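Here are my notes on the model, set out as numbered points. Please read them with the structure open.

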Amino acid sequence: NQKFIILLQPHHPLFHSFSFLIGFFFFSCLVLGAGPCGLRTAIELSLLGAQVVLLEKREDFSRNNVLHLWPYTIIDLRELGAKKFYGKFCSGTLDHISIRQLQLILLKVCLLLGVEVHTGVEYKGLIEPSGDKGWMAKLQPQSNPAASFQFDVFISAGGGRFVPDGFKHKEMRGKLAIGITANFINGNTAAEAQVPEISGVARIYNQKFFQDLLNETGTDQKSNT
Ligand SMILES: Cc1cc2nc3c(=O)[nH]c(=O)nc-3n(C[C@H](O)[C@H](O)[C@H](O)COP(=O)(O)OP(=O)(O)OC[C@H]3O[C@@H](n4cnc5c(N)ncnc54)[C@H](O)[C@@H]3O)c2cc1C
């Protein structure tokens, strides 16, 4: 119980020295959500020596939304073996990947490291320690074996606006932005047929283009697809 309190209070004087000294070797961690953030967190905790259980309410990975990858993310994923697990990783004209592919790469690493992954199980809340039992989670279905897992550290990576009860939510949002979507009729011309897979430009790939746009028009854009 005390371990849990120290780890969840980064301002605690013992927090840094404690985790540097012994790593996470004696810690059991519950991670909620097998999105990219939950999976990557599970890998990191596992590399630090923790016992990790990961919960995911979906039955399978089916999201094909395409994510742009930052250069440092690509380096990180390559170091985890992305190029071996998925030969086409970052081989196109733009550095991007579908969420599903990213999840599968990270899932493989998790499984290789011994992370226990449970799909089709929803986190419903925390159960406080009592008697000789430590922190546990209320799950749906309750019969899932992870319902008896006792943990020292709980990390929520439920995505979007999901915030577990009892935790505060702090958003690190940038300035408010306006998104404009314009649909054009496809005239099936030769020029249109040559439009690349993702026809847009993003600030991370062409900073000069966006700076010129800002100087000329006063519009500060993140991407233009
Ligand atoms: C079309 C599109 C394009 C996008 N492009 C980009 C981009 O270019 N770059 C970018 O960074 N982002 C982009 N995004 C956003 C992208 O979806 C997120 O960046 C990414 O998925 C966030 O990962 P995450 O792990 O935080 O959350 P998620 O991927 O949302 O994962 C959270 C997981 O937690 C699970 N979960 C939630 N609640 C529970 C619960 N109670 N119990 C158990 N499991 C639970 C969910 O099922 C989910 O699998 C895009 C999104 C869309 C729709």
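**Notes on the fold and the ligand shell**

1. Start with helix α3. The buried residues of α3 pack against four elements by name: β1, β2, α6 (99-113) and β8. Keep in mind throughout that this is a predicted model.

2. Which residues of α3 are buried? They are Gly 38, Leu 39, Arg 40, Thr 41, Ala 42, Ile 43, Leu 45 and Ser 46. An arginine, Arg 40, is thus listed beside residues such as Leu 39 and Ile 43.

3. The length of α3 looks regular. The helix has twelve residues, and its first and last C-alpha atoms are 17 Å apart. That is close to the 16 Å expected at 1.5 Å a residue. After α3 comes Gly 49, with a positive phi near 105°.

4. Next, the sheet. Four strands form an open sheet in the order β5-β2-β1-β8, and the pairing is parallel. β5 (116-119) and β8 (153-156) are the edge strands; each has a single partner, so one side of each lacks a neighbour in the sheet. From one strand to the next, the twist averages 15°.

5. One pair deserves a closer look. β1 (residues 28-32) and β8 run parallel and are joined by four bridges. Leu 32 has Ser 156 of β8 as its bridge partner. As general background, strands of a sheet pair through backbone hydrogen bonds, in either the parallel or the antiparallel sense.

6. Now the ligand. Its shell holds 22 residues, and the closest are Gly 33, Gly 35, Cys 37, Gly 158 and Gly 159. Two or more shell residues come from each of α3 (36-47), β2 (51-56), β3 (66-68) and β6 (122-127). Which element gives the most? α3 does, with three residues. So α3 appears twice in this note: α3 contributes to the ligand shell, and its buried residues pack against β1, β2, α6 and β8.

7. What is the chemical make-up of the shell around the ligand? Ten residues are nonpolar, eight are polar and four are charged.

8. Helix α8 (residues 207-217) is another matter. One of its eleven residues is buried, so α8 lies largely in the open. Gly 218 follows α8 and has a positive phi, near 80°.

9. Finally, the whole protein. It has eight helices and ten strands. Of its 225 residues, 20% are buried. Take the contacts between residues at least 6 apart in sequence: 60% of them join residues at least 24 apart.

Key:
Residues are numbered from 1 along each chain as its sequence is written. This is a predicted model: local features need pLDDT of at least 70, side-chain atom pairs count only at pLDDT 80 or more; totals for chains, interfaces and linings use all residues. A residue is near a molecule or strand if its C-beta atom, placed from the backbone, lies within 6 Å of it. Ala, Val, Leu, Ile, Met, Phe, Trp, Tyr, Cys and Pro count as nonpolar, Asp, Glu, Lys and Arg as charged, and the others, Gly among them, as polar. Two strands pair if DSSP finds at least two bridges between them. Axes are lines fitted to C-alpha atoms, for helices over the stretch in contact, and angles run from 0 to 180 degrees between N-to-C directions. The expected span of a helix is 1.5 Å times one less than its number of residues. A residue is buried if 20 or more other C-beta atoms lie within 10 Å of its own, exposed if 12 or fewer, and partly exposed in between; C-beta atoms are placed from the backbone. Two residues are in contact if their C-beta atoms, placed from the backbone, lie within 7 Å.
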